[in-house]
Amino acid sequence: MIGSVTSFLASFIGEPMANMVLNIVIILIKVVVVIAVTLLHVAYATYWERKVIGHMQLRLGPREVGPYGLFQPFADGIKLFFKEDIIPANSDKPIFYLAPVIFFVSALTSLSVLPFFDGGWVSNINVGLLFLLGMSSIGAYGIVMSGWSSGSKYSFLGGLRSASQVISYEIAMGLSLVGVMIMAGTLNLTEIVKAQYNYPTGFYALPQILGFFVFYVAMFAETNRLPFDLPEAESELVAGYFTEYSGFRFALFFLGEYTGMLIMSSIGTLCFLGGWTLPKFVMDALPFLGSLPKFVWVAVFLVKVYFFMFLFYWVRATLPRYRYDQLMNIGWKVLIPLALVNIMITGTLKIMGWV
Amino acid sequence: MLQQLFFGYYAFIIIGLSLLVVTRKNPGHSVMWMLLLFFHIAGLYLFLNAEFIAAIQVIVYAGAILVLFLFVVLLLNLREEIALRQTVGSWPVAFFMCAILFVAVTAALGAYVQGPVGGYSIDVIQNETHAKALGKLLYTEYLFPFEIASLILLVAVVGAVVLAKRKLRS
């Protein structure tokens, strides 16, 4: 079918142009599908969070809208969409408009390099891991600029806290992933997953246990989640950097935060838990699994991602918030030295040829 | 054709954005234009097949250095800054200097000779991936300059710590 479309187009604009146009159309379709599916996952991640935390606190969570409250995310979305859009009088308007967009767009852009199964990516680039780190640092601009442009003390403090927190933990997170880069010998996410598949344990969480720990802790700080949600600490700062936002602009922050959580979970899955693959010894023991079509493996990927998401919820329901100086101490005095030690150990073992 | 179009776009937008950065009265807006500028520079690197450098450009310049700029801007008293008419007083002198520089660069462009092609062609680098090629060069051939650069950065860090500690003591 694609061939006939190409030849039809080629009769108007020539062969090379037709191929280019077709490629662009295919990429656009992929982008739309990935974003639509992710936003549905985001919607149900909020529902699932409320259910999990509800049950952990001996409540039932949402139940009213639809069977078992399944339509609750849509009810919330419609409510947010029709709320009044309030803009503070002494805000810096262009940046006030722009900040939530930057935050949300940077989260969505990260989706473009994630491989969901073998062949299931929008683009497979050689510096995938670096691209993800870069995009997560751009997200910080959305937070800082929203806090600065709101013209409110609480927002400003929230923005400042978030900026210093995200910068500090970005170092720890980047360094924790260096061990994975050394072991896999590449920055390409698909190659990292394949290298893990061929590794005896089937995933890097075990040999990279230090790196995994550092990544896991830094993940909470990067996404501003409890126990490190100081930028939006409601008992001190009303709601932190998005205090002044309402209606759909607030919804963008909300969606961006959950997309960010899904992306961090995906990075953890791809770099430490073997992505869409099962360990090789499992595949050898059950040979019929190898004949399954490739897109089925997205289920394995999703199970691993939702395992991380469950940990997010579990920690939120269990741990109280840290103090700000404790947060900085953990970041600079524990996590970064641990990550450096991990790099030294992994590098030495790699030179010796033991990993 | 398409290549010239892309390069032209990046070149003009980068110049335009740099002008916007230095002419905004509100430093917050300057920072945001600069962010866009860094993205265009990263795009220019991508256009040269240097994906690793492009990613590093975004992580280091947009993600770290510009956020530090932002910190300084956030802690300024903006009301006073915006009230200032212009930040640089002697613009005729600056204009004169820039004109001389422009003439010098234009004159030098005539003497441009293409250098010899090295061992690292696009194909070689794509086979070896950027990170590996760059890492190998940095840690073998250019190890000494690389270590000197890191030493200079270390000096800066130590200097910052010393200044901060002195203020604490007094």
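**Exercise 1. Which helices of chain A each supply at least two residues of the lining of the largest cavity, and which one gives the most?**

*Step 1.* Start with the ground rules. This is a predicted model in which local features need pLDDT of at least 70 and side-chain atom pairs pLDDT 80 or more, while totals for chains, interfaces and linings use all residues. Residues are numbered from 1 along each chain as its sequence is written, chains are lettered from A and ligands numbered from 1 in the order written, and side-chain values use heavy atoms, leaving out hydrogens and water.

*Step 2.* Pick out the helices (DSSP runs of H or I, at least four residues; strands are E runs of at least two; both numbered from the N terminus). In chain A, α4 (93-110), α5 and α10 each put at least two residues into the lining of the largest cavity.

*Step 3.* Rank the suppliers. α5(A) comes out on top, with six residues.

**Exercise 2. How many cavities of 30 Å³ or more are there, and what surrounds the largest one?**

*Step 1.* Settle the terms. On a 1 Å grid over the protein atoms alone, a cavity is a set of points where a 1.4 Å probe fits but cannot get out; a pocket is an open set with protein on both sides within 12 Å along at least five of seven lines; lining residues have an atom within 4 Å of a point. Points join across faces, edges and corners, and volume is the space filled by probe spheres set on them.

*Step 2.* Count them up: there are two cavities of 30 Å³ or more. The largest holds about 280 Å³. Its lining runs to 20 residues, and F103(A), S136(A), G139(A), E222(A) and G260(A) are the closest to the centre.

*Step 3.* Sort that lining by class (Ala, Val, Leu, Ile, Met, Phe, Trp, Tyr, Cys and Pro are nonpolar; Asp, Glu, Lys and Arg charged; the others, Gly among them, polar). You get 10 nonpolar, eight polar and two charged residues around the largest cavity.

*Step 4.* Now do the runner-up. The second largest cavity is about 40 Å³. Its walls include V113(A), P115(A), W121(A), N124(A), G128(A) and N188(A). Five of the lining residues are nonpolar, five are polar and no charged ones turn up.

**Exercise 3. Where do the lining residues of the largest pocket come from?**

*Step 1.* Take its volume, about 1800 Å³. Among the 39 residues lining the largest pocket, the closest to its centre are L130(A), L175(A), V178(A), F52(B) and I56(B).

*Step 2.* Assign the helices. Chain A brings in α5, α6 (153-184) and α13 (324-352), and chain B brings in α3 (51-74) and α7 (130-139), each with at least two residues. The top contributor is α3(B), with 10.

*Step 3.* Check the chemistry: the lining of the largest pocket has 24 nonpolar, 10 polar and five charged residues.

**Exercise 4. Which residues are the closest to the centre of the second largest pocket, and which element provides the largest share of its lining?**

*Step 1.* This pocket takes up about 1600 Å³. Of its 49 lining residues, look for T109(A), F131(A), M135(A), F39(B) and L46(B) closest to the centre.

*Step 2.* Go through the elements giving two or more residues: α2 (15-56), α4 and α5 from chain A, plus α1 (2-23), α2 (27-47) and α3 from chain B. α2(B) has the largest share, 11 residues.

*Step 3.* Split the lining of the second largest pocket by class, and you find 37 nonpolar, 11 polar and one charged.

**Exercise 5. What do α5(A), α2(A) and α8(A) each meet?**

*Step 1.* Apply the contact rule (heavy atoms within 4.5 Å). L129(A), L132(A), S136(A), G142(A) and S146(A) of α5(A) meet F253(A), I263(A), M264(A), I267(A) and C271(A) of α10(A). That contact has seven nonpolar, three polar and no charged residues.

*Step 2.* Turn to α2(A). Its residues L40(A), A43(A), Y44(A), T46(A), Y47(A) and R50(A) meet Q72(A), P73(A), F74(A) and D76(A) in α3(A). Here the split is six nonpolar, two polar and two charged.

*Step 3.* Finish with α8(A). Its L210(A), G211(A), F213(A), V214(A), V217(A) and A218(A) meet L335(A), L338(A), A339(A), V341(A), N342(A) and I345(A) of α13(A). The tally for α8(A) with α13(A) is 10 nonpolar, two polar and no charged residues.
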